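Here's a short tour of one protein chain, written for someone new to reading structures. Have a look at the picture first, and then we'll go through it piece by piece.

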Amino acid sequence: MKRIAMIGLVLICLLVTVGMILPVSAASSYVRGDADGDGTVTILDATVIQRRLVELPTPSFDARAADVDGDGLNITDATWIQRYLAEFENIHHINETVTIPNPTEPQPTTPQPTRDPYELPVVPKK
Ligand SMILES: [Ca+2]
Ligand SMILES: [Ca+2]
């Protein structure tokens, strides 16, 4: 009995150690407008938003994807999805994947041009 308990303890320690060593990516992504999270934007996504707004149950709901215009969830989000499906102008980039970077990963930076602080200003020729 002690042997089984010892093996279990070793396995738990091993799993904890592996979990601490392996990098866990916190980056996540979603499809803008995919309110139900099935990977595609359909009329069901507009319906899910409408149901959510009147507090009816929804089987699944992704608040980040549902707020397509970034001003909080409201009926306009369902309208934007309907407009997208009707092939109106897609100004909110509906059906595009949004990736949220891991805040601990270094972000690529654009090199800034260096300027000599003692450089004389350029005077345009007349
Ligand atoms: Ca969907
Ligand atoms: Ca919104």
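## Where to be careful

Let's begin with the shaky part: over residues 18–25 the pLDDT stays under 50, and for this stretch the model has four contacts beyond four places in sequence. Keep in mind that what you're looking at is a predicted model, so pLDDT, the predictor's confidence in each residue on a scale from 0 to 100, is worth checking.

How does the chain do on the whole? Its mean pLDDT is 84, and 75% of its residues reach 70 or more.

## The overall layout

The protein chain has four helices and two strands. If you walk along the sequence, you meet them in the pattern α-β-α-α-α-β.

Now for the inside and the outside. Of the 126 residues in the chain, 21% are buried. The chain exposes about 10,000 Å², and carbon and sulfur atoms supply 63% of that area. As for who touches whom, take the contacts with a separation of 6 or more: residues 24 or more positions apart account for 59% of them.

## Two helices side by side

Two packed helices are described by the angle between their axes and the distance between the axes. Here, the pair to look at is helix α2 (residues 43–53) and helix α4 (residues 75–85), whose axes come within 9 Å and cross at roughly 170 degrees. An angle over 145 degrees counts as roughly antiparallel, so that's the label for α2 and α4.

Which residues make the contact? From α2 come Ile43, Asp45, Ala46, Ile49, Gln50 and Leu53, while α4 brings Ile75, Asp77, Ala78, Ile81, Gln82 and Leu85. Sorted by class, this contact has eight nonpolar, two polar and two charged residues.

Leu44 also lies in helix α2. Is Leu44 buried or exposed? It counts as exposed because its relative accessibility is 51%, and the cut-off for exposed is over 50%. Leu44 and Asp34 are 10 residues apart along the chain, and their C-alpha atoms are separated by 8.9 Å.

## Phe61 and its neighbours

Next stop is Phe61, in the loop between α2 and α3. With 23% relative accessibility, Phe61 counts as partly exposed. Buried would mean under 20%.

What does Phe61 touch? Leaving out residues up to four places away in sequence, the list is Ala35, Val48, Ile49, Arg52, Ala66 and Leu73. One of these, Ile49, also takes part in the contact of α2 with α4. You can also pair Phe61 with Asp38: they're 23 residues apart in sequence, and 9.7 Å apart in space from C-alpha to C-alpha.

## Two residues with positive phi

Most residues other than glycine have a negative phi, and most peptide bonds are trans. With that in mind, check out Glu55 and Asn95. Phi of Glu55 is near 60 degrees, which is a positive value in a residue other than glycine. For Asn95, also not a glycine, phi is positive too, near 75 degrees.

Where do these two residues sit? Glu55 is in the loop between α2 and α3 (63–66), whereas Asn95 is in the loop between α4 and β2 (97–100). Glu55 has 73% relative accessibility and so counts as exposed. Asn95, at 35%, counts as partly exposed.

Key:
Residues numbered from 1 in each chain as written. Chains lettered and ligands numbered in written order. Predicted model: local features only at pLDDT ≥ 70, side-chain atom pairs only at ≥ 80, totals over all residues. Heavy atoms only, no water. Axes fitted to C-alpha atoms, helices over the stretch in contact; angles between N-to-C directions. Parallel < 35°, antiparallel > 145°, perpendicular 65-115°, else oblique. Contact = heavy atoms within 4.5 Å. Nonpolar A, V, L, I, M, F, W, Y, C, P; charged D, E, K, R; others polar. Buried < 20%, exposed > 50% of the residue type's maximum accessible area, 1.4 Å probe, protein only. Areas by Shrake-Rupley, 256 points an atom, 1.4 Å probe, with all protein chains shown as cover.
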